[in-house]
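This report looks at two bound ligands and their surroundings, beginning with the pocket.

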Amino acid sequence: MNTPLHRRQALKMLGLGSAATVLGTNLAAAMPSQKGTGQTTPPQQGHPQTMPPQKGNPQPTPQAGLPPVTIRSVKAIGTAPQGANLIVVKVETSEPGLYGLGCATFTQRAEVVITAINSYMPDFCVGRNVDDIEDIWQAFFVSSYWRNGPVLNNALSGLNQALWDIKGKRANMPVYQLLGGRARFAVDCYAHADGKTPEEVAANVQKFIDQGFRHVRIQQGGYGSLQLAKQPDWRDAGFGKPTDDFMDAHAYVQAVPKLFKTVRTVCGPDVELLHDTHERVQPQDMINMCRRLEEFDPYWIEDPLSPENMHLFPQLRAATTVPFAMGELFNNPNEFVDYMARRDFDYFRCHVSQIGGITPAIKVAHLGEFFNVRSGWHGPGDVSPVGHAAQCHIDLNIWNFGIQESVFFNDLTKEIFPGTPEIKKGYMYVNEAPGLGIDINEKLAAKYPINNNAGKWTLRKRDGTIIRP
Ligand code: GCO
Ligand code: MG
């Protein structure tokens with residue numbers, strides 16, 4: 001049985017081989033069920049990394065840090081164990097057994113992202129030094145000349161998160177430690193309560209309170225409460241497709257204050273209540289609705305306007321005191337700059353893989369600190385468990401943490417992704433394993449291939465006009 005080597009002692013001793021190689025063996029002891037975790041097997045006899053320096057021979061000055069390890073392969077892995085397409089990038093390295101995982105999940109266009117990864121990333125990445133995370137991000141970001149956008153940024157995110165995973169493994173520490181350590185003991189998160197009626201929603205909120213959640217998002221019949229809408233006229237007129245959805249914005253704007261009133265009456269003043277309007281309401285109606293919500297002290301109202309209407313945010317902001325969360329639809333990390341500086345909203349809702357991964361996410365978060373805008377990373381079921389792990393590591397570190405969206409992955413998904421962050425009493429926990437602390441069972445993942453179900457995003461008003469969904 002290997003005796004745990006003290007990290008500094010090992011590095012001093014070897015100064016050559018990668019800590020992961022040396023320490024991999026020890027992690028075997030540290031982390032439960034290591035099989036296939038990308039941790040390296042103990043070095044073979046005669047392996048140059050293990051040879052002690054020979055007396056008299058001039059020794060190469062050991063490079064500060066770790067020996068160069070290069071990218072050997074990059075591939076996309078798609079799986080849909082719970083229906084939503086999840087995409088993960090696996091980066092393998094020149095160090096046997098050392099690899100990293102990253103989330104590249106754009107569930108509505110999964111095939112396209114997989115093509116972007118498998119067709120363009122191997123040529124671009126193979127042979128590059130895994131440690132040059134920033135350089136690889138900047139280089140791939142502009143490598144297509146035309147840049148940003150959901151497909152290429154998701155591909156870049158998968159690569160980027162995987163490189164942070166590898167660096168954590170090489171340094172033998174969880175990624176949050178690389179980012180500067182913990183600013184809190186665990187990650188406070190919110191749950192999702194829905195229901196056909198306000199009373200049903202209130203009962204579900206109470207269930208989450210009983211589980212220890214302090215923050216709950218409330219929706220009545222999903223986004224826009226479509227069940228409140230009567231038969232639309234465009235259907236009888238044969239306009240649009242029968243499968244298109246119909247929303248009655250007026251009924252919705254009337255229903256939300258009643259929903260908050262009922263939940264507050266049943267569950268009391270302490271639970272923090274969030275709501276996602278999902279950019280489906282006209283700006284002036286949004287102003288009126290928010291004013292009527294003020295008395296119910298919402299934690300945040302999310303996506304009150306569509307990204308196309310950001311120029312109207314100052315008007316909305318000036319008209320009401322409710323806190324806002326915005327940004328899951330932003331693709332370009334620079335989109336946040338002006339709005340944060342203007343303090344249009346109180347929480348940034350980045351979908352971390354849509355903006356290109358951990359590297360830009362950290363920059364957006366740090367920018368937010370200067371304008372007192374806090375985090376609320378997008379975290380529903382179409383962010384893979386790898387993506388949830390990545391943002392949980394960031395959440396543990398950044399000072400201006402707000403709240404983390406949570407989702408309950410089922411046992412099958414957790415079996416496919418060993419190391420999926422755990423949720424207990426409304427707190428999310430990553431494990432202390434090096435890197436992102438998560439893995440993928442490729443064989444099992446392959447049993448649940450992605451599908452081309454892009455979800456239903458065609459929403460119409462009574463006369464058939466398309467609504468931003
Ligand atoms: C949220 C989001 C999601 C999105 C979904 C799109 O706040 O969690 O609005 O529910 O609609 O991720 O695919
Ligand atoms: Mg949302």
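## The pocket of ligand 1

In this predicted model, the largest pocket is the space that ligand 1 takes up. Ligand 1 is surrounded by 13 residues, with Q108, Y223, H278, D382 and E405 being the closest of them. Sorted by class, the shell around ligand 1 consists of seven charged, three polar and three nonpolar residues.

## Polar contacts and cover

Three of the closest residues can be described through polar side-chain atoms that face oxygen atoms of ligand 1. For D382, a polar side-chain atom lies 2.4 Å from an oxygen atom of ligand 1, while the corresponding distance is 2.6 Å for E405 and 2.8 Å for Q108. Of the 340 Å² of accessible area that ligand 1 has on its own, the protein covers 87%.

## The magnesium site

Ligand 2 is a magnesium ion, and its coordination comes from D276 through OD and from E302 and E328 through OE, at distances of 2.0 to 2.2 Å. Along the sequence, these donor residues follow the spacing D-x25-E-x25-E.

The pair of E302 and E328 links distant parts of the chain, the two residues being 26 residues apart. E302 belongs to strand β8, which spans residues 300-302, whereas E328 is placed in the loop between β9 (324-326) and α12 (336-341).

Technical notes:
Residues are numbered from 1 along each chain as its sequence is written. Chains are lettered from A and ligands numbered from 1 in the order in which they are written. This is a predicted model: local features need pLDDT of at least 70, side-chain atom pairs count only at pLDDT 80 or more; totals for chains, interfaces and linings use all residues. Side-chain values use heavy atoms; hydrogens and water are left out. A residue is near a molecule or strand if one of its heavy atoms lies within 4 Å of it. A polar contact is a pair of N or O atoms within 3.5 Å; within protein, one must be able to donate a hydrogen and the other to accept it, and residues adjacent in sequence count only if both atoms are side-chain atoms. Accessible areas come from the Shrake-Rupley method with a 1.4 Å probe; for residues, only the protein chains shown count as cover. On a 1 Å grid over the protein atoms alone, a cavity is a set of points where a 1.4 Å probe fits but cannot get out, and a pocket is an open set with protein on both sides within 12 Å along at least five of seven lines; lining residues have an atom within 4 Å of a point. A molecule sits in a cavity or pocket if more than half of its atoms lie within 2 Å of its grid points. Ala, Val, Leu, Ile, Met, Phe, Trp, Tyr, Cys and Pro count as nonpolar, Asp, Glu, Lys and Arg as charged, and the others, Gly among them, as polar. Donors are N, O and S atoms within 2.8 Å of the metal (3.2 Å for Na, K and Ca); water is not among the atoms, so sites may look incomplete. Helices (H or I, at least four residues) and strands (E, at least two) are DSSP runs, numbered from the N terminus.
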